[in-house]
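Biologist: Before we talk about any detail, could you put the sequence and the model in front of us both?

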Amino acid sequence: MYAKFCVNRETAVNFTRLFVNRRAYAIQAERALPNGSVPYYPARDWKTREPKLLDDGVVRMHLNGDITISLYAINPETQRSKWVAIDADFDGALEALFQLQWELKQDGVDAALEQSRRGGHLWIFGAEPLLASECRIYVYNLALRLGVPVKGGGLKEGIEVFPRQDRLEDRELGNAIRAPLGVHRKTNRRYWFYEAEPSPEAQLAYLDRLTKLTEAELRTFTEGMSLPEAYRPVAPVPYNPPALSSRFPEFRILDYVRTTRKDGRNWWARCPSCAQAGRDRTGDNLAIQVKDPRFYKCWAGCSKEEIRAALGQPIRKRAMV
Ligand SMILES: [Zn+2]
């Protein structure tokens, strides 16, 4: 079991200053799904379904161990993030993170290593919120120079860089990462930063002392660089509406998702709503009936409305009944 804390408001404010760049957040389920994963859901008001906003009270509950939250990197109003987190959970993950940490130090950049369930997260903090696209160019090029594997671009195992996007559309969430210093619901453990005592106050004091990366430095480090080709986002395939036989063309989910496999009765695909919340990494939460693809279901519990909204194809309300 994990230690419970009772942090004060000032501690929550310190956490927010370091980590929170937008008020949308996700919350980890209290119990595991049958497949053993403990998913995160975007925090919403249970009645209105509007996103709930992160405040000091929520942060205190996270630090105390009452709930566990995850944070979205990019604020779509500025396309900036307060931090870069490098997630590694493969064989040799810690060696790779140590290597990155050392190389960053050569640039004069402090990076803090946090334990995780199967490896670690390496955090870099901005002196001010930094452009997500520039952060990504910096870390991708650094990793490739060191020969550290980067997930995607043909590699199944490797580091993942948060922010995971260069930019977000308005109201888009992007990918969330487990907020540090809380309790992982899968193991009921806290995973601390290596370099400080295991309490929220000591950990935050340590993070405060780190040298923060300025925008001017980041510009210098990335001058003339771009995101390596293999990792550039794939342009979305344009949607071709069906023939104008009916006034309201039928929505066909298979036009929007890429299926990962098929079993007897279903196609399986990444659930768009889960993906937006940074979940469904294995890409098989969404089952689509082969016989009649109008029937589909997210096994993590997203509603049809949420799936359609995530695809930018909200369910049309009937004007007249
Ligand atoms: Zn889902």
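The questions below take up the sheet and then a pair of helices.

Modeller: Please keep in mind that this is a predicted model, in which local features need pLDDT of at least 70 and side-chain atom pairs count only at pLDDT 80 or more, while totals for chains, interfaces and linings use all residues. Residues are numbered from 1 along each chain as its sequence is written.

Biologist: In what order do the 4 strands of the open sheet lie?

Modeller: Strands are DSSP runs of E with at least two residues, numbered from the N terminus, and two of them pair if DSSP finds at least two bridges between them. Strand 1 (residues 25-28) and strand 3 (residues 69-72), for instance, pair in the antiparallel sense over 3 bridges. With antiparallel pairing, the order in the open sheet is 2-1-3-8.

Biologist: Which residue of strand 3 stands opposite Y25?

Modeller: The partner has to be sought in strand 3, which spans residues 69-72. Opposite Y25 stands L71.

Biologist: At roughly what angle do the axes of helix 3 and helix 4 cross?

Modeller: Helices are DSSP runs of H or I with at least four residues, and their axes are lines fitted to C-alpha atoms over the stretch in contact, with angles from 0 to 180 degrees between N-to-C directions. The axes of helix 3 (residues 93-106) and helix 4 (residues 132-146) come within 11 Å, and the crossing is at roughly 115 degrees.

Biologist: Which residues of helix 4 do Q99, L100 and E103 in helix 3 meet?

Modeller: Two residues are in contact if their C-beta atoms, placed from the backbone, lie within 7 Å. In helix 4, the residues met are L142, A143 and L146.
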